[in-house]
Every structure is written in structure tokens, then in C-alpha cells.
Amino acid sequence: MDKYTLITGASSGIGYELSKLFALGGSNLILVARNNEALYKVKEEISILNDVDIEVLSIDLSKEESVECILDFVEKKNIVVNNLVNNAGLGDFGEFAKSDYKRQLDMIQVNIMALTKLTKVFLEDMIQRGSGGILNVASTAAFASGTNMSVYYATKAYVLSLTEALYEENTKNGIRVMALCPGAVDTGFQQKAGIKKSKLAKGNIMDPNEVAVIGYTKFIKTNKAIVIPGFKNKLLIQAMRILPRNLIRKIIKKVNKG
Ligand SMILES: NC(=O)c1ccc[n+]([C@@H]2O[C@H](COP(=O)([O-])OP(=O)(O)OC[C@H]3O[C@@H](n4cnc5c(N)ncnc54)[C@H](OP(=O)(O)O)[C@@H]3O)[C@@H](O)[C@H]2O)c1
């Protein structure tokens, strides 16, 4: 059975950059996202430069049955998922009470439910085999509550908390588990979430390739539970550890004013 890295949200942004890096490192890939055309473009681009097998799976992770579809696919193809990269995610901007409920549920479904189900099924296999790794893309948003982005910040807090616990549970099994926590990154994410007006989108924005290189390198070469790309972001998180929560809330309220 051939070993693969399954990457969700591989059609753009950080997931696209991570896909290129895993292929460059010699890993076969399963690319997952909704946009089939974009996924095939990524496959084509990566295939030219790397001698790896690339499978493409167009799936909407906001649908409850999505993870079962992924499992069916993997079983039919007789594939071993050696690395799982839970990167797919979406955000939203606006007050909780005024925001679209469907979008909020989709955020929970994609950012939390699909990530948890995929982690559950593939981690069990990894433990049985005694090898593998899980890279979960969280955010610096995981470290605080987010006025005007309440559900998004809460989903990322869940991702970070789950990942840290799984890291501790699985060091004895030889499974790498890591949370990548970027600050603002220059991808389509901001626009899709309606964050354009926020100050967050204006200052300290990183390139997705830079974020992916840091995430990939730390994932492959170290055994860290949390990776925060960028000096300013690291500083920000250190400050958050010291400052009182009510002050952090006030700062984020100001930053996320819109
Ligand atoms: N950009 C930032 O400022 C930032 C900062 C911190 C953390 N992050 C996190 O980084 C991760 C990647 O985001 P990005 O910045 O690279 O944004 P992006 O370019 O918008 O990428 C998001 C990816 O998730 C996929 N996706 C979204 N909804 C999906 C669904 N229902 N089913 C399947 N796939 C879905 C998208 O593919 P399709 O549209 O083709 O489905 C896309 O490939 C997210 O988890 C995000 O929360 C981003």
C-alpha cells in the first residue's frame, strides 16, 4: 500500500503551498477541496515538477457525509494516509447576532467537525502502524476571543486545544501532531470572510508560501506542538500570555472594528 499525505483546502492559499512542499519532499498527495477545476490545476502544476502520485477529491466538508466519502475513496484506492493536513477553513466577519447562521454552522462543520472526524479515523490507523503525522491549521485567533469574528476564533481555539491534547497523548506512539498558528496571511481567506475592512487585514500580513515553508519544515524536522510563523505573531502571543484577558478583549475589539 502506498503512503499519502491528505491535505484539505488544497485548492488555494496555505493548503496549495503546503501541497507543493509535501510533493517536493517526495510525498504522494490526496488533494481535497470543493473546487474541482482548481484542484486539477494544482495537480497539473505539481505533477510537472515532482514524481509523485496525486489524487484529487472534490468534496464539500460542510456536508456531514463528506468524511465518509473521503474514507470510501481512500479504501477503494487502497491508500494509506500517513500524514493528514487539516487546513480547510473559513471565517466570517460581523456581530454574532447579525451574522448568517448557515455560515456559522458551516464554519463549525468545516473548521471543527470535519477536522475532528478526519483526525479520529486517520489517527487510529497511524497508531496501529506506529507512524504518521497530523498538521492542523489553527490561527493566532486560537489564543483569544474575537469580537466580530466570534465563531471563527472559537473554532480555532478548539483546533488548538484538541491538537495540544493529541500531541501529549501521542508522543509515546511516535505520531507527530502539530498546530500551525498563522496570523493574517495574504490569501483569499480575508475577502471570503468579509474581513477587508478590518485593520487586521492591513498590517502584518504574511505570504502564504512563507507560512507554509515554516509550517512544513517544523512539521517534518521537529516535534513541536505549536508553531507560530513570524516574529511579530510570536511576540503578540507572548504578550497575550501576560496581559489581562479583559485588556486583550478590548484590543481585539478595536482591531476587529471593521
Ligand atoms: N489567511 C489568513 O489570514 C489565515 C490566518 C490564520 C489561519 N488561517 C487558516 O488557514 C487555513 C487556510 O486558509 P487560507 O488562508 O489558505 O484561505 P483560502 O485560500 O481561502 O483557503 C481555504 C481552503 O479551504 C477550502 N475550503 C473552504 N471551505 C470548504 C468546504 N466547505 N469544503 C472543502 N474545502 C473547503 C477552500 O477550497 P474550496 O473553496 O475549493 O472548497 C480552500 O482550499 C484555514 O483553516 C484558515 O482558517 C488563515
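## Close-up views of helix 4, the ligand shell and selected salt bridges

**Figure 1. A salt bridge within helix 4 joins Glu124 and Lys120**. Glu124 and Lys120 are both located in helix 4, where 4 residues, about one turn of the helix, separate them. In this predicted model, their side chains meet with an N to O distance of 3.3 Å. Glu124 has a relative accessible area of 42% and is therefore classed as partly exposed. Lys120, with a relative accessible area of 53%, is exposed; the cut-off for that class is over 50%.

**Figure 2. Asp106 and Lys102 form a salt bridge**. The closest N and O atoms of Asp106 and Lys102 are 2.8 Å apart. Both residues belong to helix 4, and because they are 4 residues apart, about one helical turn separates them. The relative accessible area of Asp106 is 18%, so this residue is buried, the limit being under 20%. Lys102 is partly exposed, at 48% relative accessibility.

**Figure 3. A salt bridge connects Glu55 with Lys77**. The view shows one contact from the 7 salt bridges that the structure holds. The side chains of Glu55 and Lys77 approach to 3.3 Å, N to O. Glu55 is part of strand 3 (residues 54-58), whereas Lys77 sits in the loop between helix 3 (66-76) and strand 4 (80-86), so the pair ties together parts that are 22 residues apart in sequence. Glu55 is buried, having a relative accessible area of 13%, while Lys77 is partly exposed, at 43% relative accessibility. Side chains of opposite charge can pair when their charged atoms come close.

**Figure 4. A nonpolar surface patch includes Met113**. The patch is formed by Tyr101, Leu105, Ile108 and Met113, which together have about 370 Å² of accessible area. Met113 is located in helix 4, which spans residues 101-129. With a relative accessible area of 37%, Met113 is partly exposed.

**Figure 5. Glu17 of helix 1 makes a polar contact with Asn209**. The side chains of Glu17 and Asn209 are joined at a distance of 3.0 Å. Glu17 lies in helix 1. Its relative accessibility of 10% means that Glu17 counts as buried.

**Figure 6. Protein residues surround the ligand**. Of the 31 residues around the ligand, those that come nearest are Arg34, Tyr152, Thr187, Gln190 and Lys192. By residue class, the shell divides into 14 nonpolar, 13 polar and 4 charged residues. Helix 1 (13-24), helix 5 (150-170) and helix 6 (189-192) each contribute at least two residues to this shell. Helix 6 gives the most, with 3 residues.

**Figure 7. Oxygen atoms of the ligand face polar atoms of Ile14, Val185 and Gln190**. For Ile14, a polar backbone atom is 2.8 Å from a ligand oxygen atom. For Val185, a backbone N or O atom lies 2.8 Å from an oxygen atom of the ligand. For Gln190, an N or O atom in the side chain is 2.7 Å from an oxygen atom of the ligand. The ligand taken alone exposes 880 Å², of which the protein buries 95%.

Conventions:
Residues are numbered from 1 along each chain as its sequence is written. This is a predicted model: local features need pLDDT of at least 70, side-chain atom pairs count only at pLDDT 80 or more; totals for chains, interfaces and linings use all residues. Side-chain values use heavy atoms; hydrogens and water are left out. A residue is near a molecule or strand if one of its heavy atoms lies within 4 Å of it. A polar contact is a pair of N or O atoms within 3.5 Å; within protein, one must be able to donate a hydrogen and the other to accept it, and residues adjacent in sequence count only if both atoms are side-chain atoms. Accessible areas come from the Shrake-Rupley method with a 1.4 Å probe; for residues, only the protein chains shown count as cover. Ala, Val, Leu, Ile, Met, Phe, Trp, Tyr, Cys and Pro count as nonpolar, Asp, Glu, Lys and Arg as charged, and the others, Gly among them, as polar. Patches are made of residues with over 30% relative accessible area and no salt bridge: like charges are joined within 9 Å, nonpolar side chains (Val, Leu, Ile, Met, Phe, Trp, Tyr) within 5 Å. A salt bridge is a side-chain nitrogen of Lys or Arg within 4 Å of a carboxyl oxygen of Asp or Glu. Buried means under 20% relative accessible area, exposed over 50%, partly exposed in between (1.4 Å probe, protein chains only).
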